[in-house]
Amino acid sequence: MENLERIDHADALHQHRFKYYDFAMAAFVAILICSNLIGAAKLVQFFELKIGSWNAGMFGAGILFFPLSYVLGDVLTEVYGYARARRVVWAGFAAVLFMAFMAWVVVSMPPAPGWEGQDAYEAVFGLTPRIVFASVIAFWAGEFANAFVMARMKVASGGKHLWQRTIGSTVVGQGVDSLLFYPIAFLGVWSVTQVITVLATNYLLKVLWEALLTPVTYRVVGMLKRAEGVDVYDADTDFTPFSVRS
C-alpha cells in the first residue's frame, strides 16, 4: 500500500499513536465471550453425516462465531504487530476466566422462592470446570500460535500474499486449539472415535469458514492500515507469549 510508514522496530512502534487499536481489542474480547457463553451451550445440525452411531453433522453453535476471533486476531497481528496482538490475547484470556468465574458464582447462588428458572439457568450457564479449563488452555495456545505464524510469514514474504498468511496461520492456530480442546474436554467422556470425529469435523469447518472470510479480512486490514498510516513488520520482536508489553 502506498503512503504507509513501514515499521520494523519496536521503538518506532511505541512512538506511534493508534486510532482504532482499542476498538479492535474490544471487538475481539466481545466475540470471544459471546461465542463461548451464548454459542457453546446449543447443539445444531444443518446436515446429517453418520459415522457409525455418531452424527458428525452435529456441532456447537459457537463454531459459527468463534472463528471470527481468529479472523480478528489475524487483522490485529497484520495491522498492529505481534506484541499488540499478544496483549489482546491476554485480555481475552482474562475475560474468559472472569466469565467462567461469574457463571459459577451466579449459578451457585440459591434461587429466590417462586423463581422457576434455575434448571434452565444451570443448563445454559452451568459451565463444566473441565470444559472451561480445556477452553482457556486451547484458546491461549491456539491464538498465540496463530499470531506467531502470521507475524513470521509476513516478514518472510515481505508483506505479500496476505491470504497465505491468514489461511496458513489459521490452519496452525485452529489445529493447536482443536488438538488441545477436544481431548482435554471429552476424552474419557466420549469414545476415542467420537473425539477424533468431532475434532476433525469442527477443525475443517473452522478453517473453511475463515477461508471464506478472506475477502472481508482483506478489506478490514486495508481500511485499518490506511487509517493508522503504518505497516508493521515484526523483524526484531520478542515472541515470548509470557508478556503483555506492547
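Helices α7 and α9 are oblique to each other in this predicted model. Their axes lie 10 Å apart and make an angle of about 120°. Let's look at how α9 meets two helices, and then visit two charged residues, Lys-154 and Asp-8.

**How α7 packs on α9**

- Two packed helices are described by the angle between their axes and the distance between the axes.
- Here, α7 covers residues 162-186 and α9 covers residues 214-228.
- The angle of about 120° is over 115 but not over 145, so the pair counts as oblique.
- If you follow α7 past α9, the crossing is right-handed.
- On the α7 side, the residues that meet α9 are Leu-162, Trp-163, Thr-166 and Ile-167.
- Their partners in α9 are Thr-214, Thr-217, Tyr-218 and Val-221.
- Sorted by class, the residues of this contact are five nonpolar, three polar and no charged.

**How α3 packs on α9**

- Helix α3 spans residues 67-80, and its axis comes within 10 Å of the α9 axis.
- These two axes cross at roughly 35°, and the crossing of α3 past α9 is right-handed.
- From α3, the residues in the contact are Val-71, Val-75, Glu-78, Val-79 and Tyr-80.
- They meet Thr-217, Val-220, Val-221, Leu-224, Lys-225 and Glu-228 in α9.
- This contact has seven nonpolar, one polar and three charged residues.

**Lys-154, in helix α6**

- You can find Lys-154 in helix α6, which runs over residues 129-157.
- Is Lys-154 buried or exposed? Its relative accessibility is 2%, and buried means under 20%, so Lys-154 counts as buried.
- The side chain of Lys-154 makes a polar contact of 2.8 Å with the side chain of Asp-231.
- Leaving out residues up to four places away in sequence, Lys-154 touches Glu-78, Gly-159, Arg-165, Lys-225, Asp-231, Val-232 and Tyr-233.
- Two of these names may look familiar: Glu-78 in α3 and Lys-225 in α9 also appear in the contact between those helices.

**Asp-8, in a loop**

- Asp-8 sits in the loop that links β1 (5-7) and α1 (10-14).
- With a relative accessible area of 22%, Asp-8 is partly exposed.
- Which side chain does the side chain of Asp-8 make a polar contact with? The partner is Arg-6, at 3.1 Å.
- Beyond its neighbours within four places in sequence, Asp-8 is in contact with Tyr-233, Ala-235 and Asp-236.
- Asp-8 and Asp-236 are 228 residues apart in sequence, yet their C-alpha atoms are 7.1 Å apart in space.
- Tyr-233 is a contact of Asp-8, and Tyr-233 is also touched by Lys-154.

Note on methods
Residues numbered from 1 in each chain as written. Predicted model: local features only at pLDDT ≥ 70, side-chain atom pairs only at ≥ 80, totals over all residues. Heavy atoms only, no water. Helix = DSSP H or I, 4+ residues; strand = E, 2+ residues; numbered from the N terminus. Buried < 20%, exposed > 50% of the residue type's maximum accessible area, 1.4 Å probe, protein only. Contact = heavy atoms within 4.5 Å. Polar contact = N/O pair within 3.5 Å; in protein donor to acceptor, adjacent residues only side chain to side chain. Axes fitted to C-alpha atoms, helices over the stretch in contact; angles between N-to-C directions. Parallel < 35°, antiparallel > 145°, perpendicular 65-115°, else oblique. Left-handed = near helix turned anticlockwise from the far one by under 90°.
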